[in-house]
Amino acid sequence: MSSLYPVILCGGSGTRLWPLSRKSYPKQFAPLLGAGTLFQQSVSRLGGAGFKPPLVVTASDFRFIVTEQLAAIGMDATDILIEPDARNTAPAILAAALHLEARDPGAVMLVAPSDHIIPDGDAFRAAVTLGLPAVAAGQLVTFGITPDRPETGYGYLELEAAPGSDPVPLKRFVEKPDAAAAAEMLATGRFLWNAGIFLMQAKGIIEAFRAHAPDMLAPVEAAVRDAKPDLGFLRLAPEPWADLRSDSIDYAVMEKAANLSVVPYAGGWSDLGAWDAVLAASQKDEAGVALSGPALAIDCENTLLRAESDTQRLVGLGLKNIAAIAMGDAVLVADMDAAQNVKQVVNILRDGAVPQAETFPRDHRPWGWFESLVIGDRFQVKRIVVHPGAALSLQSHVHRSEHWIVVEGTAKVTIDEEVKLVTENQSVYIPLGAVHRMENPGKVPMVLIEVQTGSYLGEDDIIRYEDVYARD
């Protein structure tokens, strides 16, 4: 395992677990179950003895969230590929393979989504070890989850023979079935859930693309070859990337390849693809009720109540088979039988130009984050948190002035030619048009309340003069 590289796929549209997960902050970055976020759990699970540092493939909008969450678990962000646009899993995996193979011709890739939950990391790492001999023999290995119910929300893998513990040749991929077909497949004992996790030599998957998806090879090669370093990230070249079709690794390559083997995995696993899956993976009381945050259930059964805001209290009374998810700006109440249809809610809200369809009030930036607390016609109140040692850009505004009140820590404030420290319980006024900057010179997060007043309060009312993060 000396050349085993975890490849963490960290994109996503954030639709299936709305409103907790959204396009601007998909579910892998949320503390959904257990300690840390799903992304942090994935990185930790695929680390330790025998593993190289992870290669993360993500989108530009998520790059600083990735580095922040890696730092929170004591990991350096050493290898992060930035996709110019989402093109599904096939181009992302090929780019990772080309990137790793150029560095280490013997590289073995363990490709995994960043938003799955696998409670027993030791058992999963043992399953990975079982797959390595097949990889050394030239096989492309995938992992199949032993089903415990006739699930219609997952794709399946049909095996050539009943599974044991060793890799088994794959017969075919099966799309998500209806309930009757799922029951029939479960009864045969030869079908496993498709986990979308792969173990393979980098050079092996490159050759598979050459054989089965040759149209992808040249554009991805060019995107990797012409990639540009950017603040510790590696940005794939956008021009060749734009020519790629969007396709999953299953459709593009795996369903056509003849050298596939499956490692059966009987441990716990879920892709948390809907709120009913979250309930199934949660700790529940004797009535099947799971609570998160300031939530209370009275006479409820088979129900999930999640309150994600400290300023509200969620109470369920006499509920059965319900998911109730309360965010500070949006609430979902759904029958568990309709959990797979939450994406339709997002589509309807998006078509209606409802901001909550895709964005959170909290906006993550490379220096920290901010959230809108109150918005009026000519004013807005924000909470801003700046990481230790971080600085916002040197900037000015055309349409608004700002009042800053420091409530935690110390701010180093630049206003035109003046630079001063503003400590806790002190405030400062930024006149309209003044060139200004906010910095945190301390070793703890700095928190301030910003009151904006003016005729236009959009985030695009900004002129940047200097920016350590090289933004426009």
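**Cavities**

I searched this predicted model for enclosed cavities and recorded 2 cavities of 30 Å³ or more. For the largest cavity I noted a volume of about 40 Å³. I then asked which residues line the largest cavity. I listed Arg45, Ala112, Pro113, His116, Ile118, Phe124 and Ile197. Sorted by character, the lining of the largest cavity comprises 5 nonpolar residues, 1 polar and 1 charged.

**Second largest pocket**

I turned next to the second largest pocket, for which I entered a volume of about 750 Å³. Its lining consists of 20 residues, and Glu308, Ser309, Met327, Arg362 and Glu371 are the ones that lie nearest the centre of the pocket. I checked which elements give two or more residues to this lining, and found strand E18 (362–365) and strand E19 (368–375). Of the elements, E19 gives the most, with 3 residues. By character, I divided the lining of the second largest pocket into 9 nonpolar, 5 polar and 6 charged residues.

**Helix packing**

I examined helix H3 (residues 89–103) against helix H6 (residues 202–212), and noted a packing angle of about 130° with the axes 9 Å apart. An angle over 145 degrees would count as roughly antiparallel, and 65 to 115 as roughly perpendicular; I therefore entered H3 and H6 as oblique to each other. The crossing of H3 past H6 is left-handed.

I also looked up helix H1 (residues 38–45) and helix H2 (residues 63–72), which pack at about 60° with their axes 10 Å apart. I classed H1 as oblique to H2 because of that angle. H1 passes H2 in a right-handed crossing.

**Start of H3 and the loop before it**

Is Ala90 buried or exposed? I placed Ala90 in helix H3, and I recorded it as buried because its relative accessible area is 0%, where the cut-off for buried is under 20%. I also took a distance from Ala90 to Leu9: the two residues are 81 apart along the chain, and their C-alpha atoms are separated by 11 Å.

Asn88 I located in the loop between strand E3 (80–83) and H3. I noted a phi near 70° for Asn88, a positive value in a residue other than glycine. The relative accessible area of Asn88 is 41%, so I entered Asn88 as partly exposed.

**Other backbone entries**

I kept in mind that most residues other than glycine have a negative phi, and that most peptide bonds are trans.

I found a second entry of positive phi at Ala353, which is not glycine and has a phi near 60°. Ala353 sits in the loop between helix H11 (342–351) and E18. I counted Ala353 as exposed, because its relative accessibility is 65% and the cut-off for exposed is over 50%.

I also inspected the peptide bond between Trp18 and Pro19, which is cis, with omega about 10°. Pro19 belongs to the loop between strand E1 (4–10) and H1.

**Ala242**

Where does Ala242 lie? I found Ala242 in helix H8 (residues 238–242). I entered Ala242 as partly exposed because its relative accessibility is 45%. From Ala242 I took a C-alpha distance to Tyr156, which is 86 residues away along the chain, and recorded a separation of 31 Å.

Notes:
Residues are numbered from 1 along each chain as its sequence is written. This is a predicted model: local features need pLDDT of at least 70, side-chain atom pairs count only at pLDDT 80 or more; totals for chains, interfaces and linings use all residues. Side-chain values use heavy atoms; hydrogens and water are left out. Helices (H or I, at least four residues) and strands (E, at least two) are DSSP runs, numbered from the N terminus. Buried means under 20% relative accessible area, exposed over 50%, partly exposed in between (1.4 Å probe, protein chains only). On a 1 Å grid over the protein atoms alone, a cavity is a set of points where a 1.4 Å probe fits but cannot get out, and a pocket is an open set with protein on both sides within 12 Å along at least five of seven lines; lining residues have an atom within 4 Å of a point. Grid points are joined across faces, edges and corners, and a volume is the space filled by probe spheres set on the points. Ala, Val, Leu, Ile, Met, Phe, Trp, Tyr, Cys and Pro count as nonpolar, Asp, Glu, Lys and Arg as charged, and the others, Gly among them, as polar. Axes are lines fitted to C-alpha atoms, for helices over the stretch in contact, and angles run from 0 to 180 degrees between N-to-C directions. Angles under 35 degrees count as roughly parallel, over 145 as roughly antiparallel, 65 to 115 as roughly perpendicular and the rest as oblique. A crossing is left-handed if the near helix is turned anticlockwise from the far one by less than a right angle, and right-handed if clockwise.
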